[in-house]
Amino acid sequence: MYALLDGNNFFVSCERVFRPSLKCRPVVVLSNNDGCAIARSEEAKALGIKMGAPYFQIRHLHDQAGLVALSANFTLYGDMSDRMHGLAAGMGPAQEIYSIDECFIGGLDGVRDVTRRARAIRERIHRGIGLPTCVGIATTKTLAKLANHVAKDAERKPGSYPVELAQVCNLAECPPEMQLHVLHQTPVGDVWGVGRRIARRLAELNICTALDLSRMPPAQARDQFSVVLERTVLELRGIPCIPLELEPPPKQQIACTRSFGMPITDLPPLVEAVSHFAQRAAEKLRAQGSRCGSLLVFAHSSPFRTNDPRFSESATVQLLQPSSDTAVLVTAAERGMRKIYRPGYRLAKAGVMLLDLSPQTREQSSLLPDDTTTTGRDQSALMEAMDQINQRWGKGTVSAGSAMKSGDWRMKQERRTPDYTTRLEDLPTARA
DNA sequence: TCTGGGGTCCTAGGACCC
DNA sequence: TCTGGGGTCCTAGGACCC
C-alpha cells in the first residue's frame, strides 16, 4: 500500500504563506529568466493560463484580471519542501521523496486507520507551515498517483467525485464500482508514465481512459510500446511493479544550464557564464561525493527566433583523470567554449554538463609523468574549504576568478520575493 | 522585445568480438 | 562463388517526469 502526498500548486502556495494578500487572486510563478508560468493558482488556471505559457503572452492579464506574476524563488521552495517532507514522513514507516512537492509513503499495510492518519498529517502540515496538500492512497504507486488526482478533483471540481474523497482519497477503501468509475473517468494521458505521444498512439488503438489501458494485454503493451508501459498496465491492475526508492541513487550526470537575460554574441561573457556554470556544477558534484571523467559545454541561439541565423554546438572535453576540482572543471569548460564559439550569432542559452561520474574514492595519481594538473590533498582541502564557506556565508561568497557573476548574461528575475525562511535579513515581521 | 531547468530510462542501430 | 550467429558495449534519439 502506498500513499502519495503532494502540495497543491506548490510554488504559489509557498508564496502565499508569506503574502496572504495573494490568496484568492490569480497568481503564477515564472520559470528562470521570468520566461514562462511553471505554477498557477486555481484562479490563474480558471483564467485559462496553461502550464508553461510564456509570460509575454499572459502579461496583459495583469491589467485585465489582476494576475500576479512572481519570479521563481527556489531557495524558499526548497526550504518549505524540506519542512513538508519532514512532516509527511510521519504518515508511515518508509518515505520516498519523489520531487520538490511530492513524496510517496510506503509500508502502510501494517498501519491502522491509514485514511484517518493521512487526514491528520495533512492537517498538521497545514497548521504547521501553511501549505495545502492532497493525499492519494492505493495498492500501487501508479494508482496512488491516480487517487491523488481524485482527491484534488473532488476538492476543486464539486460534483466530479463524492466529497468524502476530497483532499484524501483511499482508492483501496472504495467499493469496486467506484474504483472502476475512477479509472473510467481518468483520461489515459493523465496516467503517470503516459505522456502526450503515447496517449496519441494509444488513442489510435481506441485506448482512451485509464480503464481501457488497465485492460490492455501486458504483452501487447510491451511489444508495441515498451516495458515501461507494460509496468503501467500491471500497476493499474493493482500489481506493484515500481518499488519505493528510499535513498536517491547518486546522479549519473549533473548539469548547470541557463538562458541568458539578453542575447550574447561575444566570447568573453560566454566564457564567464560557462565558468560560472562549471563552478556551480562542481559544487553539486562534490556534494554527492563524485568525480567526473568528462564535461560537455553547449551554447545555442533561440529556437524561437526563426529569422536569426541558427547556432547550436557542443563540445565534450575529456579530463586527463576524473576530477571534482573547480579549477580543473572551469578550465575544461572554458576550453570547450572557445572551441565551439563562432562570432555573429545571438546566443540565448549555454550550459555545462558533467558526465562519466564515479564515486570520489581514494586519490588516484596520473600515469602521465608530466601531468601538471594540480591534484592531491591540498586541492581537495581547498575545495572543501570553499564549499564550507559558501554554505555558511551564502552562495558565491568565494568563487573561482573567472567565474565572477557580473555580466549581463545573468538571468532576469524582476519579481522575486524575499528568502523569508533562509536569510535573517528577510525574516518577515509580524505586526500587532 | 519577451518562450525554464534538471533529470531518468528505454530502444534501435552500429561497432566490435569470438 | 560462397558470406553465421550470438553477444556486449556505446551512442543518439525519443519519451517521460516534475
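For the class counts given below, Ala, Val, Leu, Ile, Met, Phe, Trp, Tyr, Cys and Pro are taken as nonpolar, Asp, Glu, Lys and Arg as charged, and the others, with Gly among them, as polar. With that in hand, we can turn to the model, which is a predicted one.

The pocket is a good place to start. The largest pocket has a volume of about 2000 Å³. A total of 46 residues line this pocket, and T75, R280, E283, K395 and G396 are the closest to its centre. Two or more lining residues come from each of α5 (74-88), β9, α13 (267-287) and α15 (377-393). Helix α13 makes the largest contribution to the lining, at 8 residues. Sorted by class, the lining of the largest pocket holds 17 charged, 15 polar and 14 nonpolar residues.

Next comes DNA strand B. Around this strand there are 23 residues, of which S31, A255, T257, S259 and R305 come nearest. Two elements, α12 (227-236) and β9 (254-264), each provide at least two residues of the surface near DNA strand B. The greatest contribution is from β9, which gives 6 residues to that surface. Readers will recall β9 from the pocket, where this strand is also among the elements that give two or more residues to the lining. In terms of class, the surface near DNA strand B comprises 8 nonpolar, 8 polar and 7 charged residues.

Which parts of DNA strand B lie within 4 Å of the protein? Sugar or phosphate accounts for 74% of the atoms of DNA strand B within that distance, and bases account for the rest. Individual polar contacts put some detail on this. A backbone N or O atom of S259 is 2.5 Å from a phosphate oxygen of DNA strand B, and a polar backbone atom of A255 lies 2.7 Å from a phosphate oxygen of the strand. The bases are represented as well: an N or O atom in the side chain of R59 is 2.8 Å from a base oxygen of DNA strand B.

DNA strand C can be described along similar lines. The residues around DNA strand C number 13, and S99, K145, G193, G195 and I198 come nearest. Here β5 (94-99) and α9 (196-204) each supply at least two residues of the nearby surface, and α9 gives the most, with 3 residues. The surface near DNA strand C is made up of 5 nonpolar, 3 polar and 5 charged residues.

For DNA strand C, 100% of the atoms within 4 Å of the protein belong to sugar or phosphate. Three polar contacts illustrate the arrangement. A sugar or linking oxygen of DNA strand C is 2.9 Å from an N or O atom in the side chain of S99. A polar backbone atom of G195 lies 3.0 Å from a phosphate oxygen of the strand. In addition, an N or O atom in the side chain of R197 is 3.2 Å from a phosphate oxygen of DNA strand C.

One further residue is worth a look in the viewer. G128 is part of helix α6 (residues 114-129). Is G128 buried or exposed? Its relative accessible area is 54%, and because the cut-off for an exposed residue is over 50%, G128 counts as exposed. G128 and M84 are separated by 44 residues in sequence, and their C-alpha atoms are 9.0 Å apart in space.

Methods:
Residues numbered from 1 in each chain as written. Chains lettered and ligands numbered in written order. Predicted model: local features only at pLDDT ≥ 70, side-chain atom pairs only at ≥ 80, totals over all residues. Heavy atoms only, no water. Near = heavy atom within 4 Å. Polar contact = N/O pair within 3.5 Å; in protein donor to acceptor, adjacent residues only side chain to side chain. Helix = DSSP H or I, 4+ residues; strand = E, 2+ residues; numbered from the N terminus. 1 Å grid on protein atoms, 1.4 Å probe; cavity = no way out; pocket = protein on both sides within 12 Å on 5 of 7 lines; lining within 4 Å. Points joined across faces, edges and corners; volume = space filled by probe spheres on them. Buried < 20%, exposed > 50% of the residue type's maximum accessible area, 1.4 Å probe, protein only.
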